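Dear colleague,

Please find below the structure that I am handing over to you. My findings follow it.

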Amino acid sequence: MNIGTVISKVIQLLFILVVGIYTRKRGFIDRNTVKSLSKYLSNVTNPLLVLCSFQLDYSAELLILGGKIFVGALVIHIVSAVLAYFIFRPKKGSCENAIYEFTTIFGNCAFMGFPILAAVYGDIGIVYGSFYNAVFNLFFCTYGIIVLTRHKNTDGKMSLNLKQLILNPGVLATVCGILLYVLQIKIPQMLLGGMKMVGDSTFPLAMIIIGSLIVELDFKTAFRDVKFYIGAALKLLVIPALALAACVLFRVEPLITYVLVILSGMPSATFGAIFAEIYGVNPVTGAKIVCLTTIISIATIPLLLFVTKAVIGG
């Protein structure tokens with residue numbers, strides 16, 4: 001494992017984030033622009049990114065392997081959701097804990113996770129990550145929205161709008177992408193190329209948005225937030241450690257174990273702050289969590305890889 005890849009990817013993220021800070025400070029974009037860009041990302045660029053990731057050649061062996069990763073990712077997200085729910089219990093009519101719950105569940109498994117998998121396994125690592133990312137997108141665009149909108153109910157309970165969730169662009173893109181892969185329906189290359197160009201703009205735009213939100217952060221109180229440290233410990237250490245323990249207990253293949261541990265230990269997803277902005281759930285705190293967990297992950301990701309190698313070898 002090339003640790004330099006991890007550091008390089010984090011530095012890239014932080015550089016784009018600084019560009020976002022500069023852009024907002026100079027007044028090139030304002031809060032209304034940020035909100036519009038957030039909707040553009042969630043409804044246009046991210047769905048295209050997801051859809052294009054499944055344009056792969058069919059392989060029965062890969063499909064079986066991917067199915068196991070899919071199941072493992074589903075278990076990880078469910079366990080994460082349960083832990084986050086009970087630790088950051090929702091309050092009636094309040095969204096105070098929603099952003100902590102949300103960012104504890106969802107990690108930056110694509111932009112940071114995929115390059116790390118590619119460094120370990122080559123291009124096929126991206127394919128492995130796509131199956132994990134399929135669960136992320138389905139969970140993100142369903143349960144994630146529930147978490148961010150739960151406070152609007154006076155009793156604090158979940159409200160499930162099936163039509164809204166099913167027609168969510170992220171969910172539709174994931175389902176369509178899986179169907180296209182299984183049926184081996186290929187998008188014409190001239191069209192696919194354009195779709196990829198738009199989809200690839202997701203990550204830099206996401207970090208620019210987060211940088212612009214950080215401008216609103218009060219750094220005098222940012223590091224006094226006990227809830228942040230609890231959520232960061234869960235996201236970066238506890239959840240991947242539980243994933244590793246479960247893989248060892250159930251004798252999961254080393255390759256799948258590495259994929260599950262690496263991707264479950266990614267810092268909080270950049271879309272955490274973006275969706276928080278869309279649904280009006282403390283986006284500034286969301287941006288802080290994304291920024292700080294990304295920095296901390298410079299140390300935690302290599303630690304997770306070292307521990308995993310020590311436990312299962314490979």
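Which side chain meets that of lysine 288 in a salt bridge? The partner is aspartate 225, with N and O 2.8 Å apart. Please note that the model is a predicted one, and that the values below are computed from it.

**Salt bridges**

The count comes to four salt bridges. In the pair just named, lysine 288 belongs to helix α16, while aspartate 225 sits in the loop between α12 (219-222) and α13; the two are 63 residues apart, and the pair links distant parts of the chain. Lysine 288 and aspartate 225 are both buried.

Another salt bridge joins glutamate 277 to arginine 31, with 2.9 Å between the closest N and O atoms. Because glutamate 277 is in helix α15 and arginine 31 in helix α2 (residues 31-53), this pair ties together parts that are 246 residues apart in sequence. Glutamate 277 has a relative accessible area of 3% and is therefore buried, whereas arginine 31, at 31%, counts as partly exposed.

Lysine 68 and glutamate 253 also meet through their side chains in a salt bridge, at 2.8 Å from N to O. Here helix α3 provides lysine 68 and the loop between α13 and α14 provides glutamate 253, so parts that are 185 residues apart in sequence are tied together. Lysine 68 is partly exposed, with a relative accessible area of 39%, and glutamate 253 is partly exposed at 34%.

**Aromatic pairs**

There are 15 aromatic pairs by the rule applied. In one of them, the ring centres of phenylalanine 102 and phenylalanine 140 are 5.2 Å apart and the planes stand at 65°, so this pair is edge-to-face. Phenylalanine 102 is in helix α4 (residues 98-105) and phenylalanine 140 in helix α6 (residues 124-140), so the contact ties together parts that are 38 residues apart in sequence. Both rings belong to buried residues: the relative accessibility is 1% for phenylalanine 102 and 3% for phenylalanine 140.

The pair of phenylalanine 275 and tyrosine 279 is tilted, because the planes lie at 40°, with the centres 6.3 Å apart. These two residues are four apart in helix α15 (residues 270-279), about one turn of the helix. Phenylalanine 275 is buried at 6% relative accessible area. Tyrosine 279, at 19%, also counts as buried, because the limit for that class is under 20%.

One aromatic cluster takes in Phe102, Phe106, Phe136, Phe139, Phe140, Tyr143, Phe275 and Tyr279.

**Cavities**

Four cavities of 30 Å³ or more were counted. The largest has a volume of about 80 Å³. Its lining consists of 14 residues, and those nearest its centre are His77, Ile105, Gly107, Tyr132 and Lys235. At least two lining residues come from each of α3, α4, α6, α13 and α14 (254-264); α3 gives the most, with three.

**Nonpolar surface patch**

A nonpolar patch of about 900 Å² lies on the surface, and the residues that make it include Val71, Val75, Leu237, Leu242, Leu303 and Phe306. The elements that contribute two or more residues to this patch are α3 (60-87), α13 (226-249) and α16 (283-312). Val307 is another member of the patch; valine 307 is placed in helix α16 and counts as partly exposed, at 35% relative accessibility.

With kind regards

Note on methods. Residues numbered from 1 in each chain as written. Predicted model: local features only at pLDDT ≥ 70, side-chain atom pairs only at ≥ 80, totals over all residues. Heavy atoms only, no water. Patch = residues over 30% accessible without salt bridge, like charges linked within 9 Å, V, L, I, M, F, W, Y side chains within 5 Å. Areas by Shrake-Rupley, 256 points an atom, 1.4 Å probe, with all protein chains shown as cover. Buried < 20%, exposed > 50% of the residue type's maximum accessible area, 1.4 Å probe, protein only. Phe/Tyr/Trp six-rings, centres within 6.5 Å; stacked < 30°, edge-to-face > 60°. 1 Å grid on protein atoms, 1.4 Å probe; cavity = no way out; pocket = protein on both sides within 12 Å on 5 of 7 lines; lining within 4 Å. Points joined across faces, edges and corners; volume = space filled by probe spheres on them.
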